[in-house]
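User: Please put the structure up. I would like to ask how some of the words used for it are justified.

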Protein chains: 2
Amino acid sequence: MSEYPSILLEQAVNQMASLPGVGRKTALRLVLHLLRQSDQDVQAFAGAFTRLKQEVVYCRECHNISDSELCPICSSSRRDHSTICVVENVQDVMSIENTGQYNGVYHVLGGIISPMDGIGPKEIEIDSLMERIAKGGVEEIILALPTTMEGDTTNFYIFRRLQNAGLAQSVKVSQLARGVAIGNELEYTDEITLGRSILNRTEFRGGEK
Amino acid sequence: MSEYPSILLEQAVNQMASLPGVGRKTALRLVLHLLRQSDQDVQAFAGAFTRLKQEVVYCRECHNISDSELCPICSSSRRDHSTICVVENVQDVMSIENTGQYNGVYHVLGGIISPMDGIGPKEIEIDSLMERIAKGGVEEIILALPTTMEGDTTNFYIFRRLQNAGLAQSVKVSQLARGVAIGNELEYTDEITLGRSILNRTEFRGGEK
């Protein structure tokens, strides 16, 4: 006999447990919580995911998730369209938007180069980035990818592509500042970050953070 | 502008975050994971919950979740139908089944008496438990409710109902043993449990656990 008293219950638990980081015990708890909700609430729960999957649109410029062909950021005349911030995914756009410090536009790669995971340059939105830049009007691209080996590889690949296309002179290429996180104690900062922060120290300009 | 680049995305995140213990950041991560799956997989995910909600059956004897009118435990001739273990919910049945130590049947109350949460005896399956016992053939009921004030209240209420029905003499009423958990150090056992374990000490019978 199965561990579960009902095949329907087991199938629902299997689906819930297929989500990353959700174990079978948690999945069972979540499914039994859903089962206590009204028919209408369970329909709304399930429907939200199928609707998203069926109706989602990706912005034709930046490839961010959108409700229309051109996302609100790309269609805004108040944003600086000469600066493109290159990010790995949708969450990164939201994180940078939440800082309130950036007024340019984005380019969502949808991943980073990772040979271990079988992700090469063709699997992510690099060609479309090059096309955007080649069209002209771009003054700076900011590489805001993870500070990992894969992120660095992707940064180098993009830079090389710009050089090969003869665009590395006309477009400024920058990356996010790396160093000790603001509010962090030095003793809790990892050695590599701390070491690089000493090598790449910046001029102290009296109180500016 | 909303924090989310898409209303569909926001609605899906809202639904995911309605699950207990799932915060908005986790919900976003889970929704974006779903979005990377195939149409078919997302359909299967959503469909499992609506199917469960629409087609779930509760056993007419023990009120456990079931695929048929009588659950596999209640319909098994190899189980001891004269012993009923009274539990709060479906998870508790699964936990006790997993021990492999119990061969009787169950009665799932679907909650415990909790005036704070507006749950009285009428909201849970106590009347149906009394009917089962009144039908005869029951020799023992094991109260396996949480060892909390609500659990104790429910235990007392059930016992009083048995007395009032004149069944407390013919049916043995027992409860789960309470004491120091096996494998636990005494220093990590809470004071109330440890205190009661001294008061309710049992005879040492040479090596038996």
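User: Where in chain A does His63(A) lie?

Analyst: His63(A) lies in the loop between β1 (57-58) and β2 of chain A. Strands are DSSP runs of E with at least two residues, helices are runs of H or I with at least four, and both are numbered from the N terminus. This is a predicted model, in which local features need pLDDT of at least 70, side-chain atom pairs count only at pLDDT 80 or more, and totals for chains, interfaces and linings use all residues. Residues are numbered from 1 along each chain as its sequence is written, while chains are lettered from A and ligands numbered from 1 in the order in which they are written.

User: Why is His63(A) called buried?

Analyst: A residue is buried if 20 or more other C-beta atoms, placed from the backbone, lie within 10 Å of its own; 12 or fewer makes it exposed, and anything in between partly exposed. His63(A) has 20 such atoms within 10 Å, and therefore counts as buried.

User: What is the phi of His63(A)?

Analyst: The phi of His63(A) is positive, about 70°, although this residue is not a glycine. Most residues other than glycine have a negative phi. In chain B, His63(B) also has a positive phi of about 70°.

User: What makes Ile158(B) buried?

Analyst: Ile158(B) has 23 C-beta neighbours inside 10 Å, so by that cut-off it is buried. The residue sits in helix α6 (residues 149-164) of chain B. Apart from neighbours within four places in sequence, Ile158(B) is in contact with Val86(B), Ile126(B) and Leu143(B). Contact means that the C-beta atoms of two residues, placed from the backbone, lie within 7 Å.

User: How do you know that the two copies are related as by a two-fold rotation axis?

Analyst: A turn of 179° and a shift of 0.0 Å along the axis lay chain A on chain B with an RMSD of 0.1 Å. That is why the copies are described as related by a two-fold rotation axis. The superposition is by least squares on the C-alpha atoms of residues with pLDDT of at least 70 in both copies. In chain A, the C-alpha atom of Ala46(A) comes closest to the axis, at 2.2 Å.

User: How many residues does the contact take from each chain?

Analyst: The contact takes 43 residues from chain A and 44 from chain B. Helix α3(A) gives the most to the side of chain A that touches chain B, with 14 residues.

User: Why is one side of β4 and β6 of chain A left without a neighbour in the sheet?

Analyst: The open sheet has four strands in the order β4-β3-β5-β6 (chain A), with parallel pairing. β4 (104-108) and β6 (172-175) stand at its edges with a single partner strand each, so one side of each has no neighbour in the sheet.

User: What makes β3 and β4 of chain A a pair?

Analyst: Two strands pair if DSSP finds at least two bridges between them. Five bridges join β3 (residues 80-87) of chain A to β4(A), and the two run parallel; five meets the requirement of at least two, so they are a pair. Along these strands, Ile84(A) stands opposite Val105(A) in β4(A).
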